[in-house]
Amino acid sequence: MKRIVVQSSYPLRGSIAIPGSKNSSLALLAAACLADEPVILRGMPRISDLDVFFRIGEEIGIDFRRDADNDVLIDSRGIHSTEIDPVKASSFRTAYYFVGALLAKYGNVSLGYPGGDDFVSRPIDQHIKALEAMGARFTFHSDYYDVETSSLHGADIYYDTISSGATINAMLAAVRAKGKTVLRQAARDPEVVDTANMLVCMGAKIRGAGTDTIAIEGVPFLRGCDYTAIPDRLIAGSFLIAAGATGGSITINDVIPEHLGVSLSKLTEIGLGIETTDNSITAYRYGRLRATRVRTAMYPGFPTDLQQPLTALLTQASGRSIVADRIYPKRYQHVAQLNRMGADINVRSGVALIKGGRPLRGTLVHATDVRAGICLLIAGLAAEGVTSITGVGHIERGYENIVASFQSIGANIEMLEDNAGWNGISAIRG
Ligand SMILES: CC(=O)N[C@H]1[C@@H](OP(=O)(O)OP(=O)(O)OC[C@H]2O[C@@H](n3ccc(=O)[nH]c3=O)[C@H](O)[C@@H]2O)O[C@H](CO)[C@@H](O)[C@@H]1O
Ligand SMILES: C=C(OP(=O)(O)O)C(=O)O
């Protein structure tokens, strides 16, 4: 078992290049499966979720060639099966994109239920509703489900709730369906726009991505393309928050500042200095942190995926902060861990009440999901003593070389394999 061991590290200073977005890359790889010619995808991050996607793809006949620069050549012409191993499918969130990507062309797909982070409830009813409207039939078994169609056709779909996954999945299905599809109350996330942009490069006819109404006209052929994923706005946000927690100054390069609009406003309100250029953001601390209220919302609102790291920062802001996660009202498993470190946070009715300004102290904590992991890492950077974080596999779903990245800006952080235990921790104490 791996642990990340972190000691108080302030101030952090330096710059970090932000890799391609996990959530975009997973959608772009699925989009590549629709192409009738090879596709090149650039900026694919080295994270475990993508490794699972590659393993599934290889099992069904997709040829992947990855080079040292994180560019991947994908040739889907050899697909010989649409039966996705249920165990692999359930080990990450977006195996459901194989339905959107394969159904129109092959007529059936079978796969396991979605995994990913466990926030108690993550339904896929809106995926099912959209695909059924387009002519798909679902059959549910205990640990996998089948989706079939005799012919996928366009449909007018109104989502009951805004979902980035359900928007992307229907868009993937619609680009090869017969006729016109309209997606209403669609998600406006940058990852939706990125997927639409790539599909358009492949010859798809899509209008309106980035607004709440997307219109798609199905086409019979999709060509190859050479496409670069957008930078990961959630990794970017995590490093900016870390600058606030450690009192340092961090510049993130290769980002699209507009993708972090509301998050930058919130960080400014809390008391961070923020400077942007066309493709970089610098965050620095110049005074006391201020308590605030935050409510997560779908894009362009404050992202649920930055709620947990922000909570770590708010433990250091004097006064009472209120964090309400309206997207995942049970996404608070990190709170018990932060409280073990000396934070004073109460969760009531899906709202976290934070009495900030108390010093944190290092201890053994567990990351239950990817952003809980980065939240605890940031708390560990600000805490006195040594914080040892288990559940590293969750962090590796979304963050490439997390330890080396933080070391490069001065963090006192190490990855330990199990047997190193507390001796290893004394070793990093020096
Ligand atoms: C791999 C990936 O891209 N993951 C992201 C994606 O997840 P994912 O695409 O799974 O999340 P959604 O955008 O679908 O979820 C948004 C909200 O809609 C609800 N919902 C969703 C689908 C559905 O069929 N029914 C339904 O009720 C969800 O419970 C949630 O409250 O967006 C989430 C919300 O920004 C992020 O936290 C995840 O990092
Ligand atoms: C919730 C997340 O991921 P996933 O949807 O892959 O579980 C996340 O990236 O914060």
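**Figure 1. The residues around ligand 2, grouped by class.** The shell around ligand 2 comprises one nonpolar, two polar and four charged residues. This view, like those that follow, comes from a predicted model. The residues around the ligand are Arg 93, Gly 116, Asp 117, Asp 305, Val 370, Arg 371 and Gly 398. Two domains contribute to this shell: domain 1 (2–19 + 231–429) and domain 2 (22–226) each provide at least three residues.

**Figure 2. The surroundings of ligand 1.** Of the 20 residues around ligand 1, those that come nearest are Asn 23, Gln 126, Ser 163, Ser 164 and Gly 165. By class, the shell is made up of seven nonpolar, nine polar and four charged residues. Helices α1 (22–32), α5 (125–133) and α6 (164–174) each supply at least two of the shell residues. Domain 1 (2–19 + 231–429) and domain 2 (22–226) are both represented, each with at least three residues.

**Figure 3. Lys 22 and the annotated binding site.** An unreviewed UniProt entry places the feature "binding site" at Lys 22 and Asn 23. Lys 22 forms part of helix α1. Is Lys 22 buried or exposed? Lys 22 counts as buried because it has 28 C-beta neighbours inside 10 Å, and the threshold for a buried residue is 20 or more.

**Figure 4. Helix α12 within the structure.** Helix α12 covers residues 370–382. At 1.5 Å a residue, its 13 residues should span 18 Å, and the 19 Å between its end C-alpha atoms agrees with this expectation. Of the 13 residues of α12, 13 are buried, so the helix is largely enclosed by the rest of the structure.

**Figure 5. Strand β8 and its two partners.** Strand β8 (residues 145–148) has a covered face, formed by Tyr 145 and Val 147, and an uncovered face, formed by Asp 146 and Glu 148. Strand β6 (residues 108–111) runs antiparallel to β8 and is joined to it by four bridges. In this pairing, Val 109 stands opposite Val 147 of β8. Strand β7 (residues 137–140) is likewise antiparallel to β8, with four bridges between them. Here Thr 139 has Asp 146 of β8 as its bridge partner. The connection from β7 to β8 is a hairpin of four residues.

**Figure 6. The two faces of strand β10.** In a regular strand, side chains alternate between the two faces of the sheet. Strand β10 (residues 180–184) displays this alternation: Thr 181 and Leu 183 point to one face and are buried, whereas Lys 180, Val 182 and Arg 184 point to the other and are not buried. Strand β9 (residues 156–158) runs parallel to β10, and three bridges join the two. Ile 157 stands opposite Leu 183 of β10.

**Figure 7. Gly 356 in strand β20.** Gly 356 belongs to strand β20 (residues 351–356). Why is Gly 356 described as buried? The reason is that 21 other C-beta atoms lie within 10 Å, whereas 20 are enough for a residue to count as buried. Gly 410 is 54 residues away from Gly 356 along the chain, and their C-alpha atoms are separated by 25 Å.

**Figure 8. The annotated domain at residues 7–403.** The unreviewed UniProt entry assigns the feature "domain: Enolpyruvate transferase" to residues 7–403. This span is 32% helix and 23% strand, and its end C-alpha atoms lie 12 Å apart.

Technical notes: Residues numbered from 1 in each chain as written. Chains lettered and ligands numbered in written order. Predicted model: local features only at pLDDT ≥ 70, side-chain atom pairs only at ≥ 80, totals over all residues. UniProt positions renumbered as here; feature names shortened; annotations may be inferred. Expected span 1.5 Å × (residues − 1). Buried ≥ 20, exposed ≤ 12 C-beta atoms within 10 Å, placed from the backbone. Pairing = 2+ DSSP bridges. Near = placed C-beta within 6 Å. Nonpolar A, V, L, I, M, F, W, Y, C, P; charged D, E, K, R; others polar. Domains from an automatic or database assignment.
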